[in-house]
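Biologist: I'm new to this one, so please don't try to cover everything. Pick a single part, take a close look at it, and then show me how its surroundings fit in.

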Number of protein chains: 2
Amino acid sequence: MFSDKVMDNLKRASWIRAMFEQGNKLKQEFGAENVYDFSIGNPEVDPPEEVVKAINEIAEDKTPGTHRYMPNAGYPFVKDAIAKKLTSMYGLDVPSDNICMVCGAAAGLNVVLKSILNPDEEVIIFAPFFAEYKFYVGNGGGTPVVVETKENFQIDIDAFGVAITSNTKAVLINSPNNPTGVIYSEETLKSMAAIIVEKEKELGINIILISDEPYNEITYDVGELPVVFNIFDKAIVVNSYSKSLALPGERIGYIAASPKIEVCDKLMAAIIFNNRTLGFVNAPAFSQRVVAKAINASVDSNIYKERRDVLYNHLISLGFECQKPDGAFYLFVKSPVEDELEFVAAAQKYNVLVVPGRGFGRAGYFRISFCGNMDTIKRSLPAFTKIAAEYF
Amino acid sequence: MFSDKVMDNLKRASWIRAMFEQGNKLKQEFGAENVYDFSIGNPEVDPPEEVVKAINEIAEDKTPGTHRYMPNAGYPFVKDAIAKKLTSMYGLDVPSDNICMVCGAAAGLNVVLKSILNPDEEVIIFAPFFAEYKFYVGNGGGTPVVVETKENFQIDIDAFGVAITSNTKAVLINSPNNPTGVIYSEETLKSMAAIIVEKEKELGINIILISDEPYNEITYDVGELPVVFNIFDKAIVVNSYSKSLALPGERIGYIAASPKIEVCDKLMAAIIFNNRTLGFVNAPAFSQRVVAKAINASVDSNIYKERRDVLYNHLISLGFECQKPDGAFYLFVKSPVEDELEFVAAAQKYNVLVVPGRGFGRAGYFRISFCGNMDTIKRSLPAFTKIAAEYF
């Protein structure tokens with residue numbers, strides 16, 4: 001009676017959400033304080049003070065019309081504020097017209113992919129990947145092509161080059177990465193850009209680099225991130241304030257297209273059209289205003305760094321193998337048994353919830369989200385010790 | 001370099017948005033007070049007092065976690081409040097599990113269509129129709145089938161029956177209607193339901209009735225609206241608070257599936273999955289809370305009734321032909337010349353902006369949105385008098 005494709009997808013439901021639901025069941029049975037739920041990336045951290053202040057000021061603003069429609073791309077003054085910030089961060093002029101406000105990065109990626117893909121064109125993604133990417137590419141009518149990363153989760157440049165075909169339309173990267181926490185260096189990105197230029201010429205195609213950057217403010221002692229607009233000829237940044245301002249429930253983010261794209265006005269027209277017709281219409285008015293008022297605010301990444309260090313150090317001391325994350329708030333840990341589902345089930349016996357790596361396209365690993373409560377993290381350590389005792 | 005289909009759609013860009021942009025140009029040239037912009041349905045009315053109060057209270061609520069992710073279907077307490085209200089309004093039990101909070105009705109329709117359509121299945125819509133419907137059906141992978149309404153814009157039951165084929169999957173109605181303001185009577189809906197039951201048996205298919213009801217609180221002396229859940233076997237209501245609470249910029253609404261649908265749990269799972277993977281993720285947290293706090297609030301439809309009466313009476317007195325709207329805030333007026341583009345251009349000479357009927361699938365008419373400022377409406381009357389003098 002309903003969509004066969006959706007019914008089929010439902011059978012392969014999200015591992016992250018499945019663990020989240022399982023967590024809720026365990027919490028009912030054992031009490032929330034006795035369950036160590038590391039399944040979902042739902043920051044326990046609340047928004048920074050500037051954001052709270054902005055929310056109050058906007059709520060009290062009685063100017064007529066603050067909840068009305070605005071242009072589909074967003075309020076001009078909000079786009080101006082973001083364009084100005086990016087211009088300063090990137091060291092190149094990002095015009096306000098290259099910004100489209102969207103309902104979070106998930107919305108932004110769907111809008112961008114729908115704007116550029118023709119039927120069956122390919123989008124390269126790198127495993128392990130954020131599980132939703134495959135759906136987003138499918139929604140845009142394209143085909144995801146998965147390229148494996150190296151043992152340390154960095155891009156395998158040779159494998160990347162081999163994966164590019166005459167059907168390749170886009171490359172989707174996510175740095176800092178969910179689920180691995182790795183950051184791609186400027187050198188890595190420049191190597192990717194060189195291969196793209198080479199393949200574009202060889203195959204007579206255009207390849208667009210899409211950079212999904214919701215964790216760009218959550219980094220640990222790595223300095224400034226490389227700027228994709230300065231490295232790639234045709235780049236689109238998709239960003240969200242879910243992590244940087246701790247507003248995931250509010251659905252607010254933006255798309256920024258590189259000024260280097262030659263026919264950028266056409267691209268932006270397509271993006272704005274899709275933002276409208278895919279049903280987003282516009283990013284929520286209230287949150288747009290919040291973002292503009294708190295444009296320089298960011299959560300303190302030290303909060304996450306402390307959590308990372310406590311968990312990472314404990315796991316390593318127990319014998320687990322894990323790449324130390326440079327950003328984002330996940331540990332992607334090698335399962336001590338080949339079948340990580342076995343490990344995930346074993347962890348559940350100790351009320352520890354982690355997500356199987358196969359949910360991210362890399363079996364044999366599990367993901368721990370460390371954006372939760374520090375007390376929970378500390379209290380979970382003995383449970384990890386007990387689990388480890390079963391394997392090491 | 002981008003999506004050919006989107007580029008093609010851009011050429012046939014929205015007439016509503018085109019007039020809205022044209023209006024902005026004229027306002028820059030002649031001053032905003034001298035332009036009579038009846039193009040877009042962007043209510044000038046601000047939210048009711050209960051909503052303003054709710055916004056303030058929620059902004060001041062310092063409980064941790066109010067901006068975090070919640071289940072993709074929305075906060076359970078918000079869904080409960082809506083389910084309770086619908087149960088009381090409809091006189092049948094609407095479980096909370098049958099509600100999914102969405103980013104407005106445009107989002108809700110995209111989510112529902114994606115959840116039910118298989119490739120090339122047909123969705124019947126009635127002309128004149130809300131121009132975006134064709135895009136929404138296309139996004140879901142389906143084909144829109146347009147059925148003409150009668151001279152008075154009511155459903156032509158015979159034409160409807162003829163349009164149903166073995167590929168028909170859904171029927172999309174919008175009452176009170178944009179752009180005509182007509183409301184379908186209980187009798188009309190019952191006739192439609194009877195035909196659907198007959199055709200389902202004859203063709204061995206399932207047909208889902210989708211009722212897009214954002215104007216359900218904007219009605220004029222017509223009493224209670226018929227309840228589609230009580231009339232159709234398989235009905236889904238999509239609603240928005242854009243008009244009823246004057247919050248169009250905030251993107252908040254809901255999907256409610258009829259408890260009579262036999263496999264409703266599967267349908268809701270598909271809806272929640274698509275709400276997530278199409279990139280909405282969840283309806284904005286803040287606005288969900290607002291809706292729950294102001295669950296019984298509604299804008300005063302008398303504000304719109306006054307505007308309707310002033311404009312309608314003046315136009316009729318000038319010789320224009322127009323169905324008197326029973327709801328929503330649009331007049332769909334017969335063009336005094338066959339080619340309404342000629343009329344629309346003539347009106348622009350007097351700084352009057354209206355939208356050509358062909359934008360809604362019915363040439364020879366134009367739409368006036370009367371949700372704007374009463375002063376503007378009154379000051380526009382002499383301009384309409386001058387335009388009329390050219391034709392009558």
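Modeller: Helices and strands here are DSSP runs (H or I over at least four residues for a helix, E over at least two for a strand), numbered from the N terminus. Residues are numbered from 1 along each chain as its sequence is written, while chains are lettered from A and ligands numbered from 1 in the order in which they are written. This is a predicted model, where local features need pLDDT of at least 70, side-chain atom pairs count only at pLDDT 80 or more, and totals for chains, interfaces and linings use all residues.

My pick is helix H8 of chain B, residues 186–203. Let's check its length. The expected span of a helix is 1.5 Å times one less than its number of residues. For the 18 residues of H8(B) that gives 26 Å, and the end C-alpha atoms are 25 Å apart, which agrees.

Which residues of H8(B) are buried? They are Leu189(B), Met192(B), Ile195(B) and Ile196(B). Buried means that 20 or more other C-beta atoms lie within 10 Å of a residue's own; exposed means 12 or fewer, partly exposed is in between, and the C-beta atoms are placed from the backbone. Down the axis of H8(B), the buried residues fall within an arc of 120°, so they line one face of the helix. That arc is taken over the directions from the helix axis to the C-beta atoms. An α-helix has 3.6 residues a turn, so residues three or four places apart point the same way.

The buried residues of H8(B) pack against helix H7 (157–163) and helix H9 (228–231) of chain B. On the face turned away from that buried side you'll find the exposed Glu187(B), Glu198(B), Lys201(B) and Glu202(B). Just after H8(B) comes Gly204(B), with a positive phi of about 65°.

Now for the loops. The one between strand E5 (168–174) and H8 of chain B holds Pro179(B). The peptide bond leading into that proline, from Asn178(B), is cis, with omega near 20°. Chain A also has a cis bond between Asn178(A) and Pro179(A), with omega near 25°.

The helices that H8(B) packs against have loops of their own to look at. Between strand E4 (143–148) and H7 of chain B sits Phe153(B), which has a positive phi of about 70° although it is not a glycine. Most residues other than glycine have a negative phi, and most peptide bonds are trans. Phe153(B) counts as buried, because it has 22 C-beta neighbours inside 10 Å. Asp221(B) lies in the loop between strand E6 (208–212) and H9 of chain B; its phi is near 55°, again positive in a residue other than glycine. Asp221(B) has 8 C-beta neighbours inside 10 Å, so it counts as exposed.

Let's step back to the two chains. Chain A can be laid on chain B with an RMSD of 0.0 Å by a turn of 180° and a shift of 0.0 Å along the axis, which is the relation of a two-fold axis. The copies are superposed by least squares on the C-alpha atoms of residues with pLDDT of at least 70 in both. In chain A, Ala59(A) has the C-alpha nearest the axis, 3.2 Å from it.

How many residues of chain A are in contact with chain B? There are 60, facing 60 of chain B, where contact means C-beta atoms, placed from the backbone, within 7 Å. H5(A) gives the most to chain A's side, with eight residues. 100% of the interface residues of chain A are also interface residues in chain B, so the copies meet through the same surface.

Helix H11 (264–277) of chain A also gives two or more residues to that side. H11(A) is mostly covered, with ten of its 14 residues buried, among them Leu267(A), Met268(A) and Phe273(A). What covers them includes strand E2 (99–102), H5 and strand E8 (253–257) of chain A, together with helix H1 (4–11) and helix H6 (133–139) of chain B. After H11(A) comes Gly279(A), with a positive phi near 105°.

Definitions and conventions:
Contact = placed C-beta atoms within 7 Å.
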